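Please read these notes on the cavity and pockets with the model open beside them.

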Amino acid sequence: MPILTVDDLRTHYFTEAGPVKAVDGVSFTLDKGESIGIAGESGCGKTTLAMSLMRLIKGGAVVGGKIHLGDISLLDMSINEFRKIRWERISLVSQAAMGALNPVYTVGSQIVEAIQLHWDMSKSEAWERTAHLLTLVKVDPVRGRSYPHELSGGMKQRIMIAMALACDPEIIIADEMTTALDVVTQAQVLKLLIDLQKRLDLSLIYISHELSVLGQACDKMIIMYAGKIVEMGPTAKIFGAPKHPYTQKLLGSLMDIHSDCVIPDSIPGKPPDLLNPPKGCRFWPRCTVGQVTCETQEPLLIEVEPGHYMACNCSDDKI
Ligand SMILES: Nc1ncnc2c1ncn2[C@@H]1O[C@H](COP(=O)(O)OP(=O)(O)OP(=O)(O)O)[C@@H](O)[C@H]1O
Ligand code: SF4
Ligand SMILES: [Mg+2]
């Protein structure tokens, strides 16, 4: 049984102009020890999906679908019951979370507080666990006595990973975790997370604009466009033989170091307004291979080969 099952999830933001359908019918599963990468252009609903899984949506709500952790239905729980799940079974590392470290407390004491909030542990036991967590993320436990401003960006992000691991969760969601870091530090933090994921047998949902990072870190890929999954499958298949026209364009926008052309392709146009998305295929206005029917006929996500799913009205040979 998958550790996480997301079924037809719909999350809307409520605005004066109407509901913004930021996540609109998303389904996938995550197995124990598996890592899934989620990619797509800005505004396609990646963070909304992550926040829906953490039940941290502000200015909107999950309006439909199901989320199961094993056989527990997370959306049927009260928010108080869910607080036992958040951080103890699913936790989050994000770029925004790094700024959430309180500048007036040492980073170690903030990890201690997180542990004690969830677990019945004495202060000295919680400090012992904090030292263990800091060692896991390759930070000298002495740095637990430092204040956030005394640490580099990379070190702060390691602290955030230690914080996410504080209560021994099974699933970690990393949302643009390394975006604010320089390339070298990004690579180090990413390597750390991949090592920890394997060592602790964690399940990982990794959200990033950096397709090459996802390619290194993830077993499976989900490509989102305008609140929906357009393609999903093993990373090697998605990178080696992408099937959906949007995935092909997205990967085409990666710089090919083997090509003579050093200017990556960009995708003309922009994703639709999710207040009023197109009725049929949401990619239709930008798709270069679309048919007339695509304007009105919404494509369904179907399995095109074992474990590989795509939502496109046109079969391979027409594309
Ligand atoms: N609080 C909010 N109120 C109204 N609309 C929102 C709110 N938060 C996000 N949105 C809209 O929901 C859609 C999805 O946003 P989301 O942040 O989930 O995208 P994203 O894929 O994470 O983008 P990025 O790559 O830029 O982080 C966007 O159209 C965004 O403008
Ligand atoms: S359904 Fe049609 S418009 Fe949409 S991606 Fe496929 S070919 Fe393009
Ligand atoms: Mg985001």
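The points below cover a ligand site and then the largest pocket.

1. This is a predicted model, in which local features need pLDDT of at least 70 and side-chain atom pairs count only at pLDDT 80 or more, while totals for chains, interfaces and linings use all residues; side-chain values use heavy atoms, with hydrogens and water left out. Residues are numbered from 1 along each chain as its sequence is written, and chains are lettered from A and ligands numbered from 1 in the order in which they are written.

2. Cys-281, Cys-287, Cys-294, Cys-312 and Cys-314 are among the residues around ligand 2, and so are His-244, Phe-283 and Trp-284 (a residue is near a molecule if one of its heavy atoms lies within 4 Å of it). By class, this shell holds nine nonpolar, three polar and no charged residues (Ala, Val, Leu, Ile, Met, Phe, Trp, Tyr, Cys and Pro count as nonpolar, Asp, Glu, Lys and Arg as charged, and the others, Gly among them, as polar).

3. The largest pocket has about 620 Å³ of space (a pocket is an open set of points on a 1 Å grid over the protein atoms alone, where a 1.4 Å probe fits, with protein on both sides within 12 Å along at least five of seven lines; lining residues have an atom within 4 Å of a point; the volume is the space filled by probe spheres set on the points, which are joined across faces, edges and corners). Its lining has 21 residues, with Trp-87, Ala-114, Leu-117, Met-160 and Met-163 nearest the centre.

4. In the lining of the largest pocket, 14 residues are nonpolar, four polar and three charged.
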